[in-house]
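Here's a quick walk through one protein model, written for someone who'd rather look at residues than tables. Have the structure open while you read.

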Amino acid sequence: MGDLLRLATAGSVDDGKSTLIGRLLHDSKSIFEDQLEAVELSSRRRGDVNVNLALLTDGLRAEREQGITIDVAYRYFATPRRKFIIADTPGHVQYTRNMVTGASTADLAVVLVDARNGLVEQSRRHAFLATLLGIRHLVLCVNKMDLVGWDEAVFDAIAAEFSAFVARLEHGAADVEVTPIPVSALHGDNVVDPSPRLGWYTGSPLLEHLEKVDVRDHDPLDARFPVQYVIRPHSDEHHDFRGYAGSLAGGLFRPGDEVCVLPGGLTTRIAAIDTFDGPVDEASAPMAVTLLLEDDLDVSRGDVIVRCGDREPAVAREVAADVCWMTDAPLRAGSRYAVKHTTRSARAVVDTIEWALDVNTLDRSPAASLGLNAIGRVRLRLSTPLVADDYDRNRTTGSFILVDESTNATAGAGLIRLP
């Protein structure tokens with residue numbers, strides 16, 4: 001069994017995202033008989049002529065009744081080559097926050113486009129959001145090729161327009177790999193198996209591409225270890241044991257490495273690295289480990305252990321961030337929120353809102369507030385310093401959430417932008 005690929009689907013309403021995922025699950029034999037029977041029953045109740053594979057992912061009753069995706073639907077499947085977690089994200093503009101949630105942990109985004117309509121507003125919106133969230137592998141699935149007579153010229157025109165749009169994007173566009181693939185999700189052409197009706201296409205079918213694409217080329221190289229838990233001795237036998245547990249957020253560590261504990265700045269060396277299965281000679285992201293240090297330092301939850309010689313993260317009480325707003329009450333200057341960043345918690349005051357972004361035109365304009373689903377640049381003042389990287393460099397140490405302390409609801413997601 002290969003490694004894990006996390007992918008998100010995106011695109012406009014009715015472009016066929018849920019049908020595509022259903023086809024992937026069905027044709028790769030990754031669904032159980034009782035699941036297929038339930039979908040067949042639901043299809044008959046809806047009056048569908050054929051089995052509606054979109055119902056494999058549209059799990060909410062409201063989604064099945066309306067024939068749309070509202071929430072993010074996560075689905076797992078595996079092939080002999082790789083394991084997959086798919087986030088099927090909504091296409092409607094009012095569910096932009098759901099798309100951000102689904103894509104925030106993805107390594108790759110599949111952007112669907114209806115071959116009859118070409119690129120539309122939501123196609124561009126989701127391509128932009130994917131690159132904003134640090135996704136460097138985009139698959140453009142030009143769907144419903146059967147409805148344009150399997151026309152190669154239609155496919156080529158859409159692929160060229162999409163690539164040109166991505167090239168104009170600001171965040172890491174030069175590093176984004178775009179792979180256009182023509183498909184018919186409804187009939188299964190070029191989804192799992194090559195299609196004889198697309199003889200002019202010489203690339204891989206979708207599943208084969210997903211199985212072989214290398215997404216490790218953008219792993220953070222700088223070693224980062226946010227301390228989640230301090231393991232103290234509980235008996236005289238282990239009185240000299242003190243370990244620091246957590247998951248690596250980037251890079252790798254080895255015993256003997258000189259490390260620095262931030263924000264305090266004290267240095268020491270790694271004495272050993274322990275795991276559930278015993279000691280290891282090397283740990284890399286995203287492994288969960290316990291680090292043992294040579295010196296007895298004051299290390300607490302929320303501190304970050306970094307390797308000396310790597311690029312140091314910023315230690316800042318003021319940060320600028322691109323914020324996607326996720327709640328009805330607007331974000332305004334002077335508002336106060338709790339901040340959760342890696343394993344550290346703090347409180348923050350919104351100092352200023354520098355601008356709001358029009359995702360459709362990519363224009364920035366002055367704004368007094370950010371409403372639901374809006375994205376803008378915000379400056380925060382914090383009660384305690386954050387140990388942070390720019391989001392484009394490390395998606396874990398470069399992100400945070402804002403929490404409304406009166407409701408404990410997640411109010412916004414932030415992507416840190418360092419000077």
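## Helix H1, tucked inside

Let's start with helix H1, residues 17-27: eight of its eleven residues are buried, so this helix is largely enclosed by the rest of the structure. Keep in mind that we're looking at a predicted model. The buried set in H1 runs Lys17, Ser18, Leu20, Ile21, Gly22, Arg23, Leu24 and Leu25.

What do these buried residues of H1 pack against? Mostly a list of strands: S1 (4-11), S2 (73-78), S3 (83-88), S4 (108-114) and S5 (137-143), plus helix H7 (206-212).

## The end of H1

Histidine 26 also sits in helix H1. Is histidine 26 buried, or partly exposed? Its relative accessible area is 31%, and since buried means under 20% and exposed over 50%, histidine 26 counts as partly exposed. Along the chain, histidine 26 and valine 192 are 166 residues apart, yet 9.6 Å separates their C-alpha atoms.

Following H1 comes lysine 29, which has a positive phi, near 55°.

## Where H5 meets H6

Next up is a helix pair. Helix H5 (residues 121-132) packs with helix H6 (residues 152-167) at an angle of about 45°, and the two axes are 10 Å apart. That angle makes H5 oblique to H6. As for handedness, H5 and H6 make a right-handed crossing.

Which residues do the touching? From H5 you get Arg124, Ala127 and Phe128, and they meet Glu161, Phe162 and Phe165 of H6. Sorted by character, the residues of this H5 and H6 contact come out as four nonpolar, two charged and no polar.

## Cysteines

If you're wondering about disulfides, how many does a search of the whole structure find? Zero.

Two cysteines are worth a click. Cysteine 141 has 0% relative accessibility, so it counts as buried. Cysteine 324, at 5% relative accessibility, counts as buried too, because the cut-off for buried is under 20%.

## The whole protein

Zooming out, the secondary structure comes to seven helices and 25 strands. The protein has 419 residues, and 52% of them count as buried.

Now for how the chain meets itself. Take the contacts with a separation of 6 or more: residues 24 or more positions apart account for 69% of them.

Note on methods
Residues numbered from 1 in each chain as written. Predicted model: local features only at pLDDT ≥ 70, side-chain atom pairs only at ≥ 80, totals over all residues. Heavy atoms only, no water. Disulfide = S-S within 2.5 Å. Buried < 20%, exposed > 50% of the residue type's maximum accessible area, 1.4 Å probe, protein only. Axes fitted to C-alpha atoms, helices over the stretch in contact; angles between N-to-C directions. Helix = DSSP H or I, 4+ residues; strand = E, 2+ residues; numbered from the N terminus. Parallel < 35°, antiparallel > 145°, perpendicular 65-115°, else oblique. Left-handed = near helix turned anticlockwise from the far one by under 90°. Contact = heavy atoms within 4.5 Å. Nonpolar A, V, L, I, M, F, W, Y, C, P; charged D, E, K, R; others polar.
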